Amino acid sequence: DYYYTLTDDESFSMIKIAAGGSELHRDWSRYYNDCIEPNTWSTNIVRRLRSIEHEPETLHPLCHKRHNNEVDCHWMGIVWFQGESDTWQTINAETYAIGLTGFLTSLRQEMYRTKEIYKSIFRSASDIPIVVVGIGKWRSWDVPLGPMVLQAQKDFVDSDPHAAFVRT
């Protein structure tokens, strides 16, 4: 899925990669089970990030090769909205902060590697902006482990100058 707006000179697109009922460590970590089992990281994220170079039109119909066969599209940030399923098991909630930092660091590095243009836009991978959408009140206060996951999300944003938090 993609969502976009157009102006006269620029387009903006949000690419959705969703996995309902997913857990941060099991489904989103590039290192889960020593990379033996495919998960959302290996099957969706890396494929989508790399497709901007090789099949940009699969991300967005207006994202195609132009002048000198260069792709006219690139990623500009990350919106992260996940965590509800991690409120059900103590181990997931207790390790959410470490997992979130590791995941978003890996995602930034993978993005930065995919296109040379990022080196002219961002000084480093850690400069890529991230918006963390907090788990909603329906989860963050209705189950005992909800506040722990929500706090981990807020703590990540507080520790990262290129991150912002959105309350739901």
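With which residue does Arg113 form a salt bridge, and how far apart are the closest N and O atoms? In this predicted model, the partner of Arg113 is Glu110, and the closest N and O atoms of the two side chains are 3.1 Å apart. Both residues belong to helix H4, where they stand three residues apart and are thus separated by about one helical turn. The two ends of this salt bridge fall into opposite classes of accessibility, since Arg113, with a relative accessible area of 53%, is above the 50% cut-off and counts as exposed, whereas Glu110, at 3%, is under the 20% cut-off and counts as buried.

The salt bridge between Arg113 and Glu110 is one of four found in a search of the whole structure. Another, formed by Arg108 and Asp160, has its closest N and O atoms 2.6 Å apart. Because Arg108 lies in helix H4 and Asp160 in the loop between H7 and strand E7 (163-166), this pair ties together parts of the chain that are 52 residues apart in sequence. Arg108 is buried, with a relative accessible area of 5%, and Asp160 is likewise buried, with a value of 10%. A further salt bridge joins Glu23 to Arg26, with 3.5 Å between the closest N and O atoms; here Glu23 is buried at a relative accessible area of 15%, while Arg26, at 32%, counts as partly exposed.

Helix H4 (residues 96-114) also contributes to an aromatic contact, and the structure holds one aromatic pair. The ring centres of Trp80 and Phe103 lie 4.6 Å apart and the ring planes meet at 45°, so the pair is classed as tilted. Trp80 is located in strand E5 and Phe103 in helix H4, 23 residues apart, and the pair thereby links distant parts of the chain. Both Trp80 and Phe103 are buried.

On the surface, Met76, Ile117 and Ile121 make a nonpolar patch of about 220 Å². Of these residues, Met76 is placed in the loop between strand E4 (70-71) and strand E5 (78-80), and its relative accessible area of 43% makes it partly exposed.

At the level of the whole protein chain, seven helices and seven strands are assigned, and from the N terminus on these elements follow the order β-β-α-α-β-β-β-α-α-α-β-α-α-β. Of the 168 residues, 40% count as buried, and the accessible surface comes to about 10,000 Å², with 53% of this area belonging to carbon and sulfur atoms. Among the contacts with a separation of 6 or more, 59% are accounted for by residues 24 or more positions apart.

The confidence of the prediction varies along the chain. The mean pLDDT of the protein chain is 79, and 73% of its residues reach 70 or more. Among the elements, helix H7 (residues 146-159) has the highest mean pLDDT, at 96, and strand E1 (residues 2-6) the lowest, at 46. Over residues 1-6 the pLDDT is below 50, although this stretch has 23 contacts in the model beyond near neighbours in sequence.

Definitions and conventions:
Residues numbered from 1 in each chain as written. Predicted model: local features only at pLDDT ≥ 70, side-chain atom pairs only at ≥ 80, totals over all residues. Heavy atoms only, no water. Patch = residues over 30% accessible without salt bridge, like charges linked within 9 Å, V, L, I, M, F, W, Y side chains within 5 Å. Areas by Shrake-Rupley, 256 points an atom, 1.4 Å probe, with all protein chains shown as cover. Helix = DSSP H or I, 4+ residues; strand = E, 2+ residues; numbered from the N terminus. Buried < 20%, exposed > 50% of the residue type's maximum accessible area, 1.4 Å probe, protein only. pLDDT = per-residue confidence, 0-100. Contact = heavy atoms within 4.5 Å. Phe/Tyr/Trp six-rings, centres within 6.5 Å; stacked < 30°, edge-to-face > 60°.
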